[in-house]
Amino acid sequence: GATRNGEIGNANSNLRGRVGWEMIRNEVLAKKCLDCHSLPRPDKNLDLSSLDTVRQNSGKIFERAVIVQDMPLAPFDRLSLEEKQALAQWIAAGMPE
């Protein structure tokens, strides 16, 4: 959806609200990443439920989920265009809380 005033979404959107950590965690990471990348035993020792860890690994996350698009691994669904846009917008905005 179109972005306006730091928000994403439209009438057909599943993602709504300000693109901040809570939205990214709940609407993107929880749905597509945290099954494998969270405690108690996160794959590759990468716990994406932690804002600090996501910030420290944002380049790798962006590359794998948005550019190369090999994450999440099959049989899990890749990020939708809307999820990729939200993640890109959040990273570009400096990954605000």
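**Backbone oddities and a buried leucine**

In this predicted model, Q69 comes out as partly exposed, its relative accessible area being 36%. The residue sits in the loop between α3 and α4, and its backbone is a bit out of the ordinary: phi is positive, at about 60 degrees, although Q69 is not a glycine. As a rule, most residues other than glycine have a negative phi, and most peptide bonds are trans.

N45 also goes against that rule, with phi near 55 degrees, again a positive value in a residue other than glycine. This one belongs to the loop between α1 and α2, the latter spanning residues 51-56. Here the side of the story told by accessibility is plain: N45 is exposed, at a relative accessible area of 69%.

Back in the loop between α3 and α4, the peptide bonds deserve a look too. P72 is located in this loop, and the bond leading into P72 from M71 is cis, with omega near -5 degrees. P75 is found in the loop between α3 and α4 as well. The link between A74 and P75 is likewise a cis peptide bond, this time with omega at about 15 degrees.

L79 is another resident of the loop, which runs between α3 (58-67) and α4 (81-92). With a relative accessibility of 5%, L79 falls under the 20% cut-off and therefore counts as buried. What does L79 touch, once its neighbours within four places in sequence are set aside? The contacts are V28, K32, A65, M71, P72, K84 and L87. M71 and P72, both on that list, are the two residues joined by the cis bond with omega near -5 degrees. As for A65, this contact lies 14 residues from L79 along the chain, and the C-alpha atoms of the pair are 6.8 Å apart.

V28, another of the contacts of L79, leads on to helix α1, which covers residues 21-32. V28 is buried there, and so are W21, M23, I24 and L29. These five sit on the same side of α1, because the arc they cover around the axis is only 150 degrees. The general background is simple: an α-helix has 3.6 residues a turn, so residues three or four places apart point the same way. K32 of α1, whose helix ends at residue 32, is also in contact with L79.

Definitions and conventions. Residues are numbered from 1 along each chain as its sequence is written. This is a predicted model: local features need pLDDT of at least 70, side-chain atom pairs count only at pLDDT 80 or more; totals for chains, interfaces and linings use all residues. Side-chain values use heavy atoms; hydrogens and water are left out. Buried means under 20% relative accessible area, exposed over 50%, partly exposed in between (1.4 Å probe, protein chains only). Helices (H or I, at least four residues) and strands (E, at least two) are DSSP runs, numbered from the N terminus. The arc is that of the directions from the helix axis to the C-beta atoms. Contact means heavy atoms within 4.5 Å.
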